[in-house]
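User: I am new to this structure and would like a close look at one part of it. Please walk me through the charged pairs and the pieces of chain around them.

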Amino acid sequence: MFDFRLKVFYTVARRLNFTKAAEELFITQPAVTKHIHEIETYYKTQLFERNGTRIKLTPAGAALLEHTEQLFTIYRNIEFDLAAMNEHAQGTIRIGASTTVAQYVLPKYLASFKQKFPDINIALTASNTEHIENALIANRIDFGIIEGQSKRPQLKYTTFLKDEMVLCTRTGNPAIKKQTVTLPALKELPLLMREQGSGSQEVIAAALKKAGVKVAQLNIEMVLESTESIKSYLGSSDSFAFLSVHSILKELKSNELTIIDIKELAIERYFYFVKQQGDNQPLPELFMKFIGSDNLKL
């Protein structure tokens, strides 16, 4: 279908990377290239400028991306409105969410969803990404919202929301001379880290490895099992930690914490919906469409 080609284009345009787009869509990189070529042939125009391994949108590509986003919003609204009329819009949805998502992202969506669908109950389980995936495979939850790099073949992952992991410390930390540190200097800072199995820890380790830094080279002061415990520790110490920017918005606004930029390192990630392959239960699908619709985001 041509609509799938548009989805391929949309994914490449967001990621600006053919390999990452192929991984997200669960197709091969040659298949991605083929779909993009077919769209360019159809419209008789070039959508991406290629410079070695890097790509960027052409003006035509930028225009197509804008129209594609509008078109996909219409599709989501159609699906949501029809699903909302479903006579089965009652019952219980069992959701598993990684800790960061459950505590800092989901509450506003849960409140909005409950107002619109008062007859649907929600049972929320919060744990790290590994535990949520295990619970899904064991059928203890209907679907999950997770972070991290994990990709199990029996599960289907769909992008939900973009996030960034930032290095932060308490405002007024005397160890901070500048708001920017180098990668070599990062190795000397006393760091707090999340536990093994945490999606956040996986993302940080992968980004550092790509930048040429191993976790074993870091000066890890302590491992803690929650973002809240890390934030509390930061407030009473001169330590540093990588945290989701979603989790520290309140502390940034009150000037309790400050972000330290790292030269040549940006840790971006996505939160993902995850469900078992082939599972299309109506209530979980309704919830995912609700919070995944751009016009419904708060």
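Analyst: Happy to. Helices and strands here are DSSP runs, with at least four residues for a helix and at least two for a strand, numbered from the N terminus. Keep in mind that this is a predicted model.

Let's start towards the beginning of the chain. UniProt lists residues 6-58 as "domain: HTH lysR-type", in an unreviewed entry. That stretch is 62% helix and 15% strand, and its end C-alpha atoms are 16 Å apart. Glu49 and Lys56 form a salt bridge, with their closest N and O atoms 3.8 Å apart. Glu49 is partly exposed, at 36% relative accessibility, and Lys56 is also partly exposed, at 49%. Arg5, Lys34 and Glu38 are linked in a network of salt bridges. The full count of salt bridges comes to 17.

Next, how is the chain divided? The domain assignment gives domain 1 (4-85), domain 2 (89-161 + 271-294) and domain 3 (163-269). The C-alpha centres of domain 1 and domain 3 lie 33 Å apart.

Moving along, Glu133 and Arg152 meet in a salt bridge at 3.0 Å, N to O. Glu133 is in helix α6 and Arg152 in the loop between β5 and β6, so this pair ties together parts that are 19 residues apart in sequence. Buried means under 20% relative accessible area, so Glu133, at 1%, counts as buried.

The pair Asp163 and Arg269 has its closest N and O atoms 2.8 Å apart. It links distant parts of the chain: Asp163 sits in strand β6 and Arg269 in strand β12, 106 residues apart. Asp163 is buried at 3% relative accessibility, and Arg269 is buried at 4%. Their positions, 163 and 269, are also the bounds given for domain 3.

What else do those two strands do? Strands β6 and β12 are among the elements that each supply at least two residues to the largest nonpolar core. That core has 24 residues, of which Phe160, Phe287 and Ile291 touch the most other members. Its largest share, seven residues, comes from α5. A second, separate core of 21 residues includes Met165, Met193, Leu208 and Ile267. In soluble globular proteins, nonpolar side chains tend to be buried together.

Conventions
Residues numbered from 1 in each chain as written. Predicted model: local features only at pLDDT ≥ 70, side-chain atom pairs only at ≥ 80, totals over all residues. Heavy atoms only, no water. Core = buried A, V, L, I, M, F, W, Y, C linked by side-chain atoms within 4.5 Å. Buried < 20%, exposed > 50% of the residue type's maximum accessible area, 1.4 Å probe, protein only. UniProt positions renumbered as here; feature names shortened; annotations may be inferred. Domains from an automatic or database assignment. Salt bridge = Lys/Arg side-chain N within 4 Å of Asp/Glu carboxyl O.
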